[in-house]
Amino acid sequence: MSESIQERTTDIVDEFDMFEDWMDKYDHIISLGKELPLIDEQHKVDDNLIKGCQSRVWLHADYDGQNVTFTADSDAIITKGIIALMVRVLSGQSPEAIVNADLSFVDEIGLKDHLSPTRANGLVSMIKQMKFYALAYQSK
Amino acid sequence: MENTISFDINDIRKQFPVLSREVNGKPLVYMDNGATTHKPKAMTDAITDYYERINSNVHRGVHHLSQQATDAFEVTREKLRAHINAEHAREVIFTKGTTDSINTVAWSFGELVKPRDEVIISTLEHHSNIVPWQMMCERKGATLKVIPMDDRGVLDLEAYQTLLTEKTVLVAFNHISNALGTINPVKKMTKMAHEVGAAVMIDGAQSMPHLKVDVRDLDVDFYAISAHKMYGPTGIGALYGKEEWLNKLPPYQGGGEMIATVTFEKTTYADLPHKFEAGTPHIEGVIAWAASLDWLNAIGMENITHYEAELLEYGTKALSEVDGMTIHGTAPQKSALFSFNIEGLHPYDVGTLLDQLGIAVRTGHHCTQPLMNRLNVPGTIRASMGLYNTKEEIDTLVAGLNRVIPMLK
Ligand SMILES: Cc1ncc(COP(=O)(O)O)c(C=O)c1O
């Protein structure tokens, strides 16, 4: 998991290019959601809930002094798949890389257009929260 | 005008241009009529006609256009009066919609409320028939009580009877529940409230598109209506109030239109209905609403109720066969609305995938969080029918569910 954010997002864009139909893309998102490593139950607390999502989303971050590791969960599987994408891109990266990450891949794969406004807002909140953690570790 | 058009569903659908569009590459199946209905061409034509031919402020000008606008505006009031069988047109107040109508009564009626008075609402209420009463009770030191319901979504009338006391000043509940489709026994519950001297306010947002409403037969004191849920324009609605009550209540908002005379020392208020209509109203909305009313009456409310009952029966049967299905809301008196959950699945996921198939449903708590808590679910998937929905569309919904459920499992 040492590739750069850039490399990881390029992989994701290529992956999504393989599917033409949005039902297939959603199918892919759902399987990513099912594969998302489980969050430690102790982190599934209200303090870790992200505001602005219609489904519940928990996000936890750890920092080993070099890289940030994210774990997350949601009660909705599509949301979980979207989280899985974000975790795949940002987890294991340095705080600097996360803060400066270009996440335009979300638009490139057409995801934003296919999310309802509330879900799109939820995605924005999720990205904000991930960057917020990174920013906090950066200033440590 | 009654019953002059036969109920030809293809003919009806043709009058809604939006119904022939595609969403995500699939023909649109619109089943979110509880949130808002689509509009017949006759209504949108009336809006255009108003702006192209009339467009003037009402109740003000000496000039011809203003007179025409005023006449057309008042025609709607009369048509709405007839539609709900109110006694006088002045008992029909134009508002922004159901929420605004409820807030008007909650504020104005609230001025007559004393500490320790009691207001009763029901478990089935939309937030807009909860929060204004909470605010009023907080402001006046009054107490809010809630009628419980059973697992089918039927209100417990015995419990209601015990809540009604000489302290009760007002009872507010919906005619039809937006989340479960329950049709409440308004006439009976109103009679019970009147026996202890309480006034009754009905949230009619969901009943107006589906039923013939007769406010005099129901004997309700206030009835709230949204035009946009009954094939009319957004941003406009009405409050029916018995004249006796409306005369007793202080005006809700001050401004132009609602005054008789103004000096810096004292203002006297206009007579009904203007006392409750401060400011320039939603003129084109009011005028175009008449086109929706004519259109509904040409089809006939009874025919609509009858057709939608068929959709309810057909849909209930078809959906019951879907894997893992729980239908929430199984009241014997019910409108054509399906609120459901699929075992193990989040409503939001199901709704998102149905949308990819062109099927528009609503997911979530439907602005009824206390009701969702009572049902012990985070939310439901709601497919709410309008008079243009068909059995084939219900088949499409069922086929859609059968496709997306295995994907999500
Ligand atoms: C039962 C019920 N009451 C009140 C409302 C509020 O209506 P409006 O938003 O038109 O004021 C709605 C609309 O969703 C409703 O379904």
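**Ligand shell and second largest cavity**

The lining of the second largest cavity comprises 3 nonpolar and 4 polar residues, with no charged ones. The model described here is predicted. The residues that line this cavity are Gln206(B), His210(B), Ser335(B), Ala336(B), Leu337(B), Ser384(B) and Met385(B). The space inside the second largest cavity is about 30 Å³. In the structure as a whole there are 2 cavities of 30 Å³ or more.

Gln206(B), listed in that lining, also belongs to the residues surrounding the ligand. The other residues around the ligand are Thr98(B), Thr99(B), His126(B), Ser128(B), Asn178(B), Asp203(B), Ala205(B), Ser226(B), His228(B) and Lys229(B). Sorted by class, this shell holds 8 polar, 2 charged and 1 nonpolar residues. The nonpolar one is Ala205(B), and the charged ones are Asp203(B) and Lys229(B).

Some side chains of the shell make polar contacts with the ligand. In Gln206(B), a side-chain N or O atom is 2.7 Å from an oxygen atom of the ligand. For Ser226(B), the distance from a polar side-chain atom to a ligand oxygen atom is 2.6 Å. A polar side-chain atom of His126(B) is 3.2 Å from an oxygen atom of the ligand. The ligand taken alone exposes 400 Å², and the protein buries 85% of that area.

Gln206(B) thus links the two parts of this account: its side chain has a polar atom 2.7 Å from a ligand oxygen atom, and Gln206(B) is also one of the residues lining the second largest cavity.

Notes: Residues are numbered from 1 along each chain as its sequence is written. Chains are lettered from A and ligands numbered from 1 in the order in which they are written. This is a predicted model: local features need pLDDT of at least 70, side-chain atom pairs count only at pLDDT 80 or more; totals for chains, interfaces and linings use all residues. Side-chain values use heavy atoms; hydrogens and water are left out. A residue is near a molecule or strand if one of its heavy atoms lies within 4 Å of it. A polar contact is a pair of N or O atoms within 3.5 Å; within protein, one must be able to donate a hydrogen and the other to accept it, and residues adjacent in sequence count only if both atoms are side-chain atoms. Accessible areas come from the Shrake-Rupley method with a 1.4 Å probe; for residues, only the protein chains shown count as cover. On a 1 Å grid over the protein atoms alone, a cavity is a set of points where a 1.4 Å probe fits but cannot get out, and a pocket is an open set with protein on both sides within 12 Å along at least five of seven lines; lining residues have an atom within 4 Å of a point. Grid points are joined across faces, edges and corners, and a volume is the space filled by probe spheres set on the points.
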